[in-house]
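Reader: I should like to go through the strand pairing and the core of this model step by step. Could we begin with the way the strands are arranged?

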Amino acid sequence: MQITQAGHTVRQAGAEHRAAGVALLALLVGFLLAGCGGAGSPSDGGSSGGGSTASGTEVTIAGFAFSPATLIVAVGDTVTWTNTDTAVHTVTADDGSFDSGSLGTGGTFTHTFDTAGSYAYHCTIHPGMTATIVVR
Ligand SMILES: [Cu+2]
């Protein structure tokens, strides 16, 4: 997902065009207020998909799912995943930046996040298992 900053630039009108500038500015403000209401604010969308969101540094793999589905950590935090399923799972970043390899029952994997961002990951064995680490 890409958040594009809308580049609204309001230029100061020169002195000789002051009157026209003010009128234009009023018109622009009207457009901005009308046109930008929904766009550009990076709110996290409330409840989308029903996945849980939590802070902390622990992710449990249970019932063929990562819990919480979205984990919020701070830059420099080390996240630990623990597989409590009898099935083998992996913790694999979509962008390849980390990969646990196969985790059997009781297996753990840790990764330290040094850069802020949103890191989507999945299980390579069960592609429906997806989750995200948000680093702030
Ligand atoms: Cu799996």
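**Strand pairing and core**

Author: In this predicted model, a starting point is the residue pair in which Ala-54 stands opposite Leu-71 in S4.

Reader: How many bridges join S1 to S4?

Author: The strands S1 and S4 run parallel. Within this pairing Ala-54 lies opposite Leu-71 of S4, and the number of bridges joining S1 to S4 is three.

Reader: Which strands stand at the edges of the sheet that runs in the order S1-S4-S9-S8-S6?

Author: The five strands in this order form an open sheet with mixed pairing. Each edge strand has a single partner strand, so one side of each is left without a neighbour in the sheet; the two in question are strand S1 (53–55) and strand S6 (92–93).

Reader: In S9, which residue is the bridge partner of Thr-70?

Author: Strand S4 (residues 70–73) runs parallel to strand S9 (residues 130–135), and four bridges join them. On its pairing with strand S8 (residues 117–122), S9 is antiparallel, over six bridges, and there Ala-120 stands opposite Thr-132. The bridge partner of Thr-70 in S9 is likewise Thr-132.

Reader: Which strands are left with one side without a neighbour in the sheet ordered S3-S2-S5-S7?

Author: This is an open sheet of four strands, again with mixed pairing. Having a single partner strand each, the edge strands have one side left without a neighbour in the sheet, and they are therefore strand S3 (66–67) and strand S7 (108–112).

Reader: Which residue in S3 does Thr-60 stand opposite?

Author: Strand S2 (residues 58–61) pairs with S3 in the antiparallel sense, over two bridges. In S3, the residue opposite Thr-60 is Ser-67.

Reader: Which elements give two or more residues to the largest nonpolar core?

Author: The largest nonpolar core has 16 residues, and those with the most contacts inside it include Val-59, Trp-81, Tyr-121 and Ile-133. The elements that contribute two or more residues to this core are S2, strand S5 (78–83), S8 and S9.

Reader: Leaving aside neighbours within four places in sequence, which residues is Phe-66 in contact with?

Author: Phe-66 is among the residues with the most contacts inside the largest nonpolar core. Once its neighbours within four places in sequence are set aside, the residues in contact with Phe-66 are Val-59, Ile-61, Met-129 and Ala-131.

Reader: What percentage of the residues in the protein chain is buried?

Author: The protein chain has one helix and nine strands, and its elements begin, from the N terminus, with the helix. Of the 136 residues in the chain, the buried ones make up 15%.

Notes
Residues are numbered from 1 along each chain as its sequence is written. This is a predicted model: local features need pLDDT of at least 70, side-chain atom pairs count only at pLDDT 80 or more; totals for chains, interfaces and linings use all residues. Two strands pair if DSSP finds at least two bridges between them. A nonpolar core is a set of buried Ala, Val, Leu, Ile, Met, Phe, Trp, Tyr and Cys residues joined through C-beta atoms within 7 Å. A residue is buried if 20 or more other C-beta atoms lie within 10 Å of its own, exposed if 12 or fewer, and partly exposed in between; C-beta atoms are placed from the backbone. Two residues are in contact if their C-beta atoms, placed from the backbone, lie within 7 Å.
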